[in-house]
Structure formats: C-alpha cells, structure tokens
Amino acid sequence: HGDAERRILGQAPIDLGIDQYDTPQARWLAIQSEDGKILAGLRLMPTNARCGAYSYFLRDAQKGLLPEVPKTVLTGLAPVLEDTWEASHGFIRNMSATGLSQEVCKRLYALLLQTSREEKIVRILGLLSVPWQRWARHNELSVTPFGPSTLIRGTACRAISLEPLRG
C-alpha cells in the first residue's frame with residue numbers, strides 16, 4: 001500500500017473545524033493516500049486533559065457545558081484517568097466506489113491499536129452514530145455500551161467504551 005499512517009500532535013489533518021478540544025494534548029491519527037489526501041482519521045484526547053473550563057467532549061457534555069448533547073449521554077460518571085482516552089471527530093472518506101473504505105478503516109483501527117500500546121491506553125471512550133456492534137466484529141476491540149441510545153442533532157448515537165485487545 002502507498003497510503004501513509006501518521007500521528008499528528010494537536011492539529012487536525014483536514015479542516016473539521018477547530019473547537020475547544022484542539023489543544024496540544026490532542027493526538028490526531030490519519031490515513032493518507034499517495035497523492036496526499038486524508039482518507040480517514042480521528043482525534044484522541046486523554047480524559048485527564050484540561051484546557052480552561054473544558055476537559056473532554058463526553059465529560060463536558062455530562063457536566064452540561066455542551067447544550068446540544070444530553071447530560072445523560074454516559075452511564076455513570078465520566079472517568080478522569082491517565083490510561084483512558086476519548087476518540088472523537090472520527091471520519092472515513094466515502095470510497096465505496098473503489099471498495100477501499102473497509103481497507104482504510106482496518107488501517108485506521110490498526111493505527112489506533114498501535115497508538116494505544118505506545119500511549120499505554122487501556123480504554124477509549126467515544127460517541128458513535130454507527131451501529132457500535134460492528135466495531136467489535138471487525139476489529140481487535142472489546143466494545144461495550146457506556147451510555148443510553150440518544151438522539152443528537154437528529155442522529156441516533158451511543159457512548160461506547162473500547163478496550164484494545166492485547167495479544
């Protein structure tokens with residue numbers, strides 16, 4: 001494959017809009033094509049991150065700092081742990097015509113697993129708008145619900161907890 005995997009510290013690999021979580025504490029993971037196009041990516045943020053009044057998306061939602069997301073998005077209290085990180089702003093470019101999206105997705109997951117080992121991440125939290133069960137079937141991740149199913153901007157979402165399987 002000619003696509004490159006890369007990690008970017010504190011900066012989005014494409015224009016996803018800057019928000020309060022784009023800080024030096026963030027880690028962007030990206031899959032890039034030979035011609036330089038970003039095909040997939042996501043942002044990782046340690047749950048013990050702080051920047052002013054903000055910490056990380058799911059915790060801030062639970063604290064009522066994000067009015068578009070219900071405070072009940074999580075089951076239980078949002079963790080603040082060095083080895084628990086949040087994944088957000090995940091995307092995969094629509095490449096269904098070429099059949100590459102599944103391959104790119106697998107490579108992004110592989111990069112996520114590699115990064116979790118390097119950063120000593122034992123759990124990753126996220127809010128998914130796709131059926132969360134698919135993550136467990138296709139990847140080396142143990143996936144469990146971490147919140148109720150909820151509507152956010154008209155999209156059915158659920159907070160989940162991912163635990164990379166160690167081999």
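This report describes the fold, the nonpolar cores, the salt bridges and selected residues of one protein chain. The structure is a predicted model.

**Overall architecture**

The protein chain contains three helices and eight strands. Along the sequence these elements follow the pattern β-β-β-α-β-α-β-α-β-β-β. Of the 167 residues in the protein chain, 46% are buried. Among contacts between residues at least 6 apart in sequence, 61% join residues at least 24 apart. The surface that the protein chain exposes comes to about 8800 Å², and carbon and sulfur atoms supply 52% of this area.

**The β2–β3 hairpin**

Strands β2 and β3 pair in the antiparallel sense, with six bridges between them. Within this pairing, leucine 29 has leucine 42 of β3 as its bridge partner. Five residues lie between the two strands of the hairpin, and glycine 36 takes a positive phi near 90 degrees there. Strand β2 is largely enclosed by the rest of the structure, because five of its six residues are buried.

**Helix α2**

Helix α2 covers residues 101-118, a run of 18 residues. At 1.5 Å a residue the helix should span 26 Å, and its end C-alpha atoms are 26 Å apart, which agrees with that expectation. Ten named positions show how α2 is covered: Val104, Cys105, Arg107, Leu108, Tyr109, Leu111, Leu112, Leu113, Thr115 and Ser116 are buried. In general, an α-helix has 3.6 residues a turn, so residues three or four places apart point the same way. Just after α2, lysine 120 takes a positive phi of about 60 degrees.

**Nonpolar cores**

In soluble globular proteins, nonpolar side chains tend to be buried together. In this model the largest nonpolar core has 18 residues, and those with the most contacts inside it are Leu29, Ile31, Leu42, Leu44, Leu108, Leu112 and Ile124. The elements that each give two or more residues to this core are β2 (27-32), β3 (38-46), β4 (84-92), α2, β5 (123-128) and β8 (155-164). A second, separate core has 17 residues, among them Tyr21, Met45, Leu58 and Ile152.

Isoleucine 124 illustrates the surroundings of one residue of the largest core. When residues up to four places away in sequence are not counted, isoleucine 124 touches Leu44, Trp85, Glu86, Ala87, Leu112, Ile160, Ser161, Leu162 and Pro164.

**Salt bridges**

Side chains of opposite charge can pair when their charged atoms come close. The model holds four salt bridges. The table gives three of these pairs with the distance between N and O atoms.

| Basic residue | Acidic residue | N to O distance |
|---|---|---|
| Arginine 43 | Aspartate 22 | 2.9 Å |
| Arginine 153 | Glutamate 68 | 3.6 Å |
| Lysine 37 | Aspartate 35 | 3.9 Å |

What does the salt bridge between aspartate 22 and arginine 43 tie together? Aspartate 22 lies in the loop between β1 (4-9) and β2, whereas arginine 43 belongs to strand β3, so the pair ties together parts that are 21 residues apart in sequence. Both aspartate 22 and arginine 43 are buried.

The salt bridge of arginine 153 and glutamate 68 joins two loops: arginine 153 lies between β7 (150-152) and β8, and glutamate 68 between α1 (57-62) and β4, so the pair ties together parts that are 85 residues apart in sequence. Arginine 153 is exposed, with a relative accessible area of 70%, while glutamate 68 is partly exposed at 35%. In the remaining tabulated pair, lysine 37 and aspartate 35 are both exposed.

**Two residues of strand β8**

Serine 161 lies in strand β8 and is buried, with a relative accessible area of 2%. Its C-alpha atom is 4.6 Å from that of leucine 125, although the two residues are 36 residues apart in sequence. Apart from neighbours within four places in sequence, serine 161 is in contact with Arg123, Ile124, Leu125, Ser142, Val143, Thr144 and Phe146.

Arginine 158 is also placed in strand β8. Is arginine 158 buried or partly exposed? Arginine 158 is partly exposed, with a relative accessible area of 23%; the cut-off for a buried residue is under 20%. Arginine 158 and phenylalanine 146 are 12 residues apart in sequence, and their C-alpha atoms are 7.5 Å apart in space.

Conventions
Residues are numbered from 1 along each chain as its sequence is written. This is a predicted model: local features need pLDDT of at least 70, side-chain atom pairs count only at pLDDT 80 or more; totals for chains, interfaces and linings use all residues. Side-chain values use heavy atoms; hydrogens and water are left out. Helices (H or I, at least four residues) and strands (E, at least two) are DSSP runs, numbered from the N terminus. The expected span of a helix is 1.5 Å times one less than its number of residues. Buried means under 20% relative accessible area, exposed over 50%, partly exposed in between (1.4 Å probe, protein chains only). A nonpolar core is a set of buried Ala, Val, Leu, Ile, Met, Phe, Trp, Tyr and Cys residues joined through side-chain atoms within 4.5 Å. Contact means heavy atoms within 4.5 Å. Accessible areas come from the Shrake-Rupley method with a 1.4 Å probe; for residues, only the protein chains shown count as cover. Two strands pair if DSSP finds at least two bridges between them. A salt bridge is a side-chain nitrogen of Lys or Arg within 4 Å of a carboxyl oxygen of Asp or Glu.
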